[in-house]
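Hi everyone, thanks for making time for this. I'd like to walk you through a few spots in the backbone and then a few side chains.

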Amino acid sequence: MSVVSLLGVKILNNPAPFDAKYQFEITFECLEPLQKDLEWKLTYVGSATSSEHDQELDSLLVGPIPVGVNKFIFEADSPDLKRIPTSEILGVTVILLSCSYDDREFVRVGYYVNNEYDNEEMNDDPPAKPVIEKVRRNVLAEKPRVTRFAIKWDTEDSAPAEFPPEQPEADTVEDDGTTYGAEEAELEAAEVEAEATEAVKPDGEDEEMGGAEDTSGPAAVKADDQESDAGSEDLEAESSGSEDEEIEEEEGENEGNEDMEMDEDGETAAQTAGKESSMQGQHQGEVMVH
């Protein structure tokens, strides 16, 4: 746990001319009394390709530190142009605000800085030699990058662990490096063996089915003939039976038709007899009336 916590940083003069001083309002909290002072530093990154051009703009010792929330103003000079490559003066660079306790850094805040001319004409067509009086810096204060480090403070209990805790069970676990890709290797070996087996087997040779009965020879042919004969007999029997059934059905239909004809004839005879009797009755009645 850190004894000192950075609560906020406010850049007071932003944007500002390139050669103006940097001004920061820093707020931090101290949780317990400290025996030594805090050292604050501001570093200007002169080149993105090499750290040789980095320069410390200023440093400040703050102390003694009372317990609680503290605030102060930190001012730093502008960078020395002689230590910056001419091609690196304009454009985007970085400044680093850091704090250390007993030469041990515990917090660092990084800001992007954009250096450009104060008019569009010079930005569109910059002169070969930079005109510093026309260059303004703009610190991107809204997007800081904060990095914190665990350090030892005044007591040994506050010191961070130099080594990770012991894990005896980790020694018994099999190393991933020995098992990595083992399954893939086994599959590849099986495929190679199968391809080799297929290559050794002669072309056109059929594999024997394990447990299958031998179906070659005369006995097998005779058995097949018997099965085919039996099947043909059953088919003939079934076909003869079906023919007999069809004949019986036809005879039954004929008999039914004859019965129907006889019934129709019977109805006709009865109707004829009735007509004759009715005619005789009428005839007799007529006779009786006269």
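Before we start, one term: when I say that two residues touch, or are in contact, I mean that they have heavy atoms within 4.5 Å. And please keep in mind that this is a predicted model.

Let me use that term straight away, on serine 47. This residue sits in the loop between β4, residues 38-45, and β5. Leaving aside residues up to four places away in sequence, serine 47 touches His53, Asp54 and Glu88. Its side chain also makes a polar contact, at 3.0 Å, with the side chain of threonine 49. So is serine 47 buried or exposed? The relative accessible area of serine 47 is 6%, and the cut-off for buried is under 20%, so serine 47 counts as buried.

Now to the backbone. As a reminder, most peptide bonds are trans, and most residues other than glycine have a negative phi. With that in mind, here are some places to look at.

Which peptide bond leading into proline 15 is cis? That is the one from asparagine 14, with omega near -5°. Proline 15 is in the loop between β1 (4-11) and β2 (16-17). Further along the chain, glycine 63 and proline 64 are also joined by a cis peptide bond, with omega about -5°. Here the loop holding proline 64 runs between β5, residues 55-62, and β6, residues 68-76.

Next, phi. Aspartate 102 is found in the loop between β7 (91-101) and β8 (104-117), and aspartate 103 lies in the loop between β7 and β8 too. Neither is a glycine, yet phi is positive in both: near 55° for aspartate 102 and near 65° for aspartate 103.

How accessible is each of these two aspartates? Aspartate 102 has a relative accessible area of 30%. That falls between the 20% and 50% cut-offs, so aspartate 102 is partly exposed. Aspartate 103 comes out at 70%, and because exposed means over 50%, aspartate 103 is exposed.

Last, the cysteines, since someone usually asks. How many disulfides are there? The count is zero, where a disulfide would need a pair of cysteine sulfur atoms within 2.5 Å. As for accessibility, cysteine 30 is buried at 1%, and cysteine 99 is buried at 0%.

That's my tour. Happy to rotate the view and go back to any of these spots!

Conventions:
Residues are numbered from 1 along each chain as its sequence is written. This is a predicted model: local features need pLDDT of at least 70, side-chain atom pairs count only at pLDDT 80 or more; totals for chains, interfaces and linings use all residues. Side-chain values use heavy atoms; hydrogens and water are left out. Helices (H or I, at least four residues) and strands (E, at least two) are DSSP runs, numbered from the N terminus. Buried means under 20% relative accessible area, exposed over 50%, partly exposed in between (1.4 Å probe, protein chains only). A polar contact is a pair of N or O atoms within 3.5 Å; within protein, one must be able to donate a hydrogen and the other to accept it, and residues adjacent in sequence count only if both atoms are side-chain atoms.
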